[in-house]
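Here is a note on the chain, set out as numbered points. Please read it with the structure open.

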Amino acid sequence: MKRAVLYLRVSTERQARSGGEAEGYSIPAQREAGTRKAESLGASVVDEYVDAGASAKSADRVGLQSMLGRLEADRDVDFVIVHKLDRLARSRMDDVMVVAEIERAGAVLVSVTENVD
C-alpha cells in the first residue's frame with residue numbers, strides 16, 4: 001500500500017481548534033479531507049505534521065521542517081497531502097524550494113482542493 005503524510009497548517013489558534021470554519025481550513029477539517037484524499041489514492045496516512053497558528057510567510061515552521069527532514073531521511077512516503085497549496089507556502093520562492101525537496105525525496109505533492117501539475 002502507498003504511504004502518505006498530511007501537512008496541516010492554519011494561521012490562527014482559533015482555526016486550529018475549530019471544526020466549523022466557513023472555508024473548512026481548521027486543522028480537524030484539513031485532517032478529515034486529507035485522510036479521504038489519501039484513501040482515494042490508495043494510500044494510508046502514516047504521519048501528520050501540524051503548524052497551528054503559523055503564518056506561511058516563511059518556510060521556517062517546526063512542522064514543515066520536521067516533515068521535510070523525515071522525507072529526506074527516510075524516503076518512505078509516496079504522497080505529501082495538503083488541503084490547499086497556500087497551506088504549504090505563500091512565497092513563490094519557498095513554494096519552489098519545498099516542492100523540490102518533496103520531489104527529491106521521491107514523494108508527490110497532492111492538494112485536496114486544487115490540481116497540482
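The points below go from confidence and overall layout to the cores, the helices and two loop residues.

1. Confidence. The model is predicted. Mean pLDDT over the chain is 86, and 84% of the residues reach 70 or more. The lowest confidence falls in helix α1 (residues 13-17), with a mean of 56, and the highest in strand β3 (residues 79-82), at 97. Any reading of α1 should keep that mean of 56 in view.

2. Layout. Five helices and four strands make up the secondary structure of the chain. Their order along the sequence is β-α-α-β-α-β-α-α-β. Among contacts with a separation of 6 or more, 73% join residues 24 or more positions apart.

3. Burial and surface. The chain has 117 residues, of which 43% count as buried. Its accessible surface comes to about 6,200 Å², and carbon and sulfur atoms hold 48% of that.

4. Main core. The largest nonpolar core has 18 residues, and the members that touch the most others are L64, M67, L71, V80, L88 and I102. At least two residues of this core come from each of β1 (2-10), α3 (62-74), β3 and α5 (92-104). Helix α3 gives the largest share, four residues. For L64, contacts beyond four places in sequence are made with Y7, D51, A59, L88 and V98.

5. Second core. A separate core of ten residues is also present, and its members include L6, V10, A43 and V110.

6. Helix α2. Does the length of α2 (residues 27-40) agree or disagree with its residue count at 1.5 Å a residue? The two agree, because 14 residues should span 20 Å and the end C-alpha atoms are 20 Å apart. Its buried residues are I27, Q30, A33, G34 and A38. Viewed down the helix axis, these fall within an arc of 140 degrees, so they line one face of α2. E39 and S40, on the other side of α2, are exposed. A general point bears on such patterns: an α-helix has 3.6 residues a turn, so residues three or four places apart point the same way.

7. Helix α3. The 13 residues of α3 should span 18 Å at 1.5 Å a residue, and its end C-alpha atoms are 18 Å apart, which agrees. G63, L64, M67, L68, R70 and L71 are the buried residues of this helix. Their arc around the axis is only 160 degrees, which puts them on the same side of α3. On the other side, V62, E72 and A73 are exposed. What do the buried residues of α3 pack against? Their partners are β1, β2 (43-52), β3, α4 (85-88) and α5.

8. Helix α5. With 13 residues at 1.5 Å each, α5 should span 18 Å; the end C-alpha atoms are 18 Å apart, in agreement. D94, D95, V98, V99 and I102 are buried in α5. They cover an arc of only 125 degrees around the axis, which puts them on the same side of the helix. M93, E103 and R104 are exposed on the other side of α5. The buried residues of α5 pack against α3, β3, α4 and β4 (108-111).

9. Y25. This residue lies in the loop between α1 and α2. Is Y25 buried or exposed? Y25 is buried, because its relative accessible area is 10% and the cut-off for burial is under 20%. Its C-alpha atom is separated by 9.5 Å from that of S11, and the two residues are 14 apart along the chain.

10. R75. Helix α3 is followed by R75, which is found in the loop between α3 and β3. What is notable about the backbone here is phi: near 45 degrees, a positive value in a residue other than glycine. At 47% relative accessibility, R75 counts as partly exposed, since exposed requires over 50% and buried under 20%.

Methods:
Residues are numbered from 1 along each chain as its sequence is written. This is a predicted model: local features need pLDDT of at least 70, side-chain atom pairs count only at pLDDT 80 or more; totals for chains, interfaces and linings use all residues. Side-chain values use heavy atoms; hydrogens and water are left out. pLDDT is the predictor's confidence in each residue, from 0 to 100. Buried means under 20% relative accessible area, exposed over 50%, partly exposed in between (1.4 Å probe, protein chains only). Contact means heavy atoms within 4.5 Å. Accessible areas come from the Shrake-Rupley method with a 1.4 Å probe; for residues, only the protein chains shown count as cover. A nonpolar core is a set of buried Ala, Val, Leu, Ile, Met, Phe, Trp, Tyr and Cys residues joined through side-chain atoms within 4.5 Å. The expected span of a helix is 1.5 Å times one less than its number of residues. The arc is that of the directions from the helix axis to the C-beta atoms.
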